[in-house]
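Me: I have a two-chain model open and want to talk through it. Can you start with the terms?

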Amino acid sequence: MKTRPSIFWQVLSLSLFVLITALAINTAVVLLAPQPRPAGYTLTEAAKALKTGETRLSNGRILKTETGSDLPGFIPEMRRDDKGEPILRPYEVFLRERLARALNVPLEDVWVDDRPQFYGPYGRRPSRPPTPPVIAHTNEATTGTAQTSTSRQRSGVHSGAPLHTLPENLKQQITFPAFYAAWKMPDGQYRSLIRPKPWLEPWQINLLLGFALTAMIITPVAWLLSQRLTRPITTLARGAAQINFTARARPLTPEGPSEVRAAAEALNAMQLRIRKQMENRTAIIAAIAHDLKTPLAKLRLRVETLPEANRESMVRDIADMDSLIRSALMFASAGTAAQDFARLDLSALVQSLCDDLSELYGVEAETIEDGVTVSGNTETLRRILTNLIENACRYAGHSRLGLRSENGRAIIRLTDQGPGIAPSELEAVLEPFYRVESSRNRDTGGAGLGLSIAQALTESHGGTLKLENGKPTGLVAIVDLPLA
Amino acid sequence: MCQRQSKCSYPMSLTAPAADTPLHILVVDDDPDLRELISSFLSQNGYAVSEAANGQEMDVALGAKSIDLIILDFMMPGEDGLSICKRLITQGGPPVIMVSARGEEVDRIVGLELGADDYLGKPFHPRELLARIRAVMRRADKHRSEHSALTQFFGWQLDNLKRLLIRPDGVQVALSNTEFELLRVFLDRPGRALSRDQILDFLHGANSENYDRAIDVQISRLRRKLNDDTQDEIIRTIRGIGYMFRPLK
């Protein structure tokens, strides 16, 4: 017997595992992943792109430019003062100056605009951020420096050093958020930077990478653990579906987590209770049948001593009682009948029934497909078909029995040319003790158990029994069994 | 049931048992009324009858007289009919007809498997009881091997109780009554050429009307169930005579 920790602890540990793994992975990503390359580009890169047409940026993307005879689109959109001169923020002035120097063209042939474009999930910055006051005041004339500059560089500005004395590597080290820049080339054409499409910022990529890594590591583990968790429950459900109540039925094996074991044990207890109930019922009916049949046997023997004239009707009454008792007994045990199933040739069985019962019940063989094999009990299947044939004989006199296989099912059709059954009663006639009343007296009615027994026995074989009205008349009984 | 096969060597005969000394039948039933009714019915029909209410009384009666046949109730207080039957068989006692209030097919088969020679459900037609007694006595005289539940031949098995064939691959093949009887006729006489008339006599007794054609149809059906279309056919047609079952080994 396998014992596993209870589902409660399994779920709790799975949740904790997921939580801890997720946190650990993301922490690791934050701590260990290489410093994300900043988005945007340095002055050198911008200058190079403007000069040569395109350049590879340090973050791996390619900065492209476009060249044309028209003024690039951003220039007319720039904010201008009363005189139509673009208003530049201090560091835009700085960028412009440096670009002009790098490209070796006059300042007037270079345009720079740093309109905000994409700032990630925290919303947009105000369209015109306030100019940093420090730079504005100390370096108003010569323009300020970049907002993104680090403290080291800012301290350089603080010290009041003139711009042209700024270290040369400033151009390479400071990455500016993507900005517009264009210049008028010597041939009179304009070339402008194509700002990289707004996409994820590198730090966002890092974060998402962490998430993806977490998902990749957790998903298979969670998958396996969840399967492990649900497997005993699935097994239990499968076992419960197959539970039956015959004396030989095996109880479920309690295994797996404690909750599942408890459920299995509860089901076993229930199975036992139901089995006892059914055994009681069968025992009671068997006892009644026994106690009725012995007096009937005595009656039957006593009848022999009576004058001939009285005998016949009494013999018939005894036979009726006998058949009623037998039907009741059979119906009581139909669901629980201990049956040893074997693979059997249904074609041979149907054929032999047609032979044996043709004279007695007027049944003849229709098309009987050869070699149809099912798993079942010969006696039980004979009983099912005999009941149906008997029923057909009672109401129609003749019937035809056919067999074919179709989609993994064996389908037996018994067709008669009798009056059929009102559509509303087609299902009701399968109920025990139900008899179609109109025009049918006790003589033809039987106990009203034949079809119920046939149905119960068919179901014990994993099959179904269905009644249909034939065309143009008559009744069709269809027994549908799984092929072996 | 094996012990009784010592009698198998009796010559085959269809004649009734000698009528000079009446057969002695022991009726074992716990119900005194029924016991008496059966007894008087059997006496009227020319049998000598003793009665026993349970297993012990039966043993006493068996010790005192020579009993030819026992009619045994299936359900009795104390030692029940089934275990009595089993005991009788292992002791090599007389043939047994079981009588049961539980007329179920399963009980019939269980009874027969345990070695009862026949089985009758209550209530029974008195004349049917007589017929069964005669049949059992006739069989007891001639051929006890019918009691073995399974007859084997060429990888096939014939279940004599459930009256079905078991194919070499284990699949059960149901037989109609005629097919079963026909196969028994052949199995009891392997390697013997049988004319149609002989087969019909064995099937229905000497005085039956003959249907020559019908027997051919039945045999071809039986052959089909035996998948008998190979070179090595089990039932062979003997031109000008009739049919022959392939000799068993």
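Reply: Buried means under 20% relative accessible area, exposed over 50%, and partly exposed in between (1.4 Å probe, protein chains only). By that cut-off, 47% of the 249 residues of chain B count as buried.

Me: What ground rules apply here?
Reply: This is a predicted model, where local features need pLDDT of at least 70, side-chain atom pairs count only at pLDDT 80 or more, and totals for chains, interfaces and linings use all residues. Residues are numbered from 1 along each chain as its sequence is written, chains are lettered from A and ligands numbered from 1 in the order in which they are written, and side-chain values use heavy atoms, with hydrogens and water left out.

Me: What pLDDT does chain A average?
Reply: Chain A averages 79 on the predictor's 0 to 100 confidence scale for each residue. In chain A, 82% of the residues score at least 70. Over residues 118-162 of chain A the pLDDT is below 50. Where pLDDT is low, the predicted coordinates should not be read in detail.

Me: Switching to the interface. How many residues of chain B are in contact with chain A?
Reply: 36 residues of chain B are in contact with 30 of chain A, contact meaning heavy atoms within 4.5 Å. The buried area is about 2900 Å², that is, the accessible area (1.4 Å probe) that the two parts lose on being put together, summed over both.

Me: Which three residues supply the most on the chain B side?
Reply: Leu37(B), Pro123(B) and Gln172(B), with 19% of the area that chain B buries against chain A.

Me: And how many salt bridges cross?
Reply: The rule finds 6 across the interface, a salt bridge being a side-chain nitrogen of Lys or Arg within 4 Å of a carboxyl oxygen of Asp or Glu. One of them joins Asp33(B) and Arg302(A) at 3.6 Å, N to O. This pair runs from helix α1 of chain B to helix α9 of chain A, helices being DSSP runs of H or I, at least four residues, numbered from the N terminus.

Me: Is Asp33(B) buried or exposed?
Reply: Neither: Asp33(B) is partly exposed at 36% relative accessibility, and Arg302(A) is partly exposed at 38%. Both belong to a salt-bridge network with Lys298(A) and Asp31(B).

Me: Which salt bridge has buried partners?
Reply: Asp29(B) and Lys122(B) are both buried, and their side chains meet at 4.0 Å, N to O. The two sit in loops of chain B, 93 residues apart.
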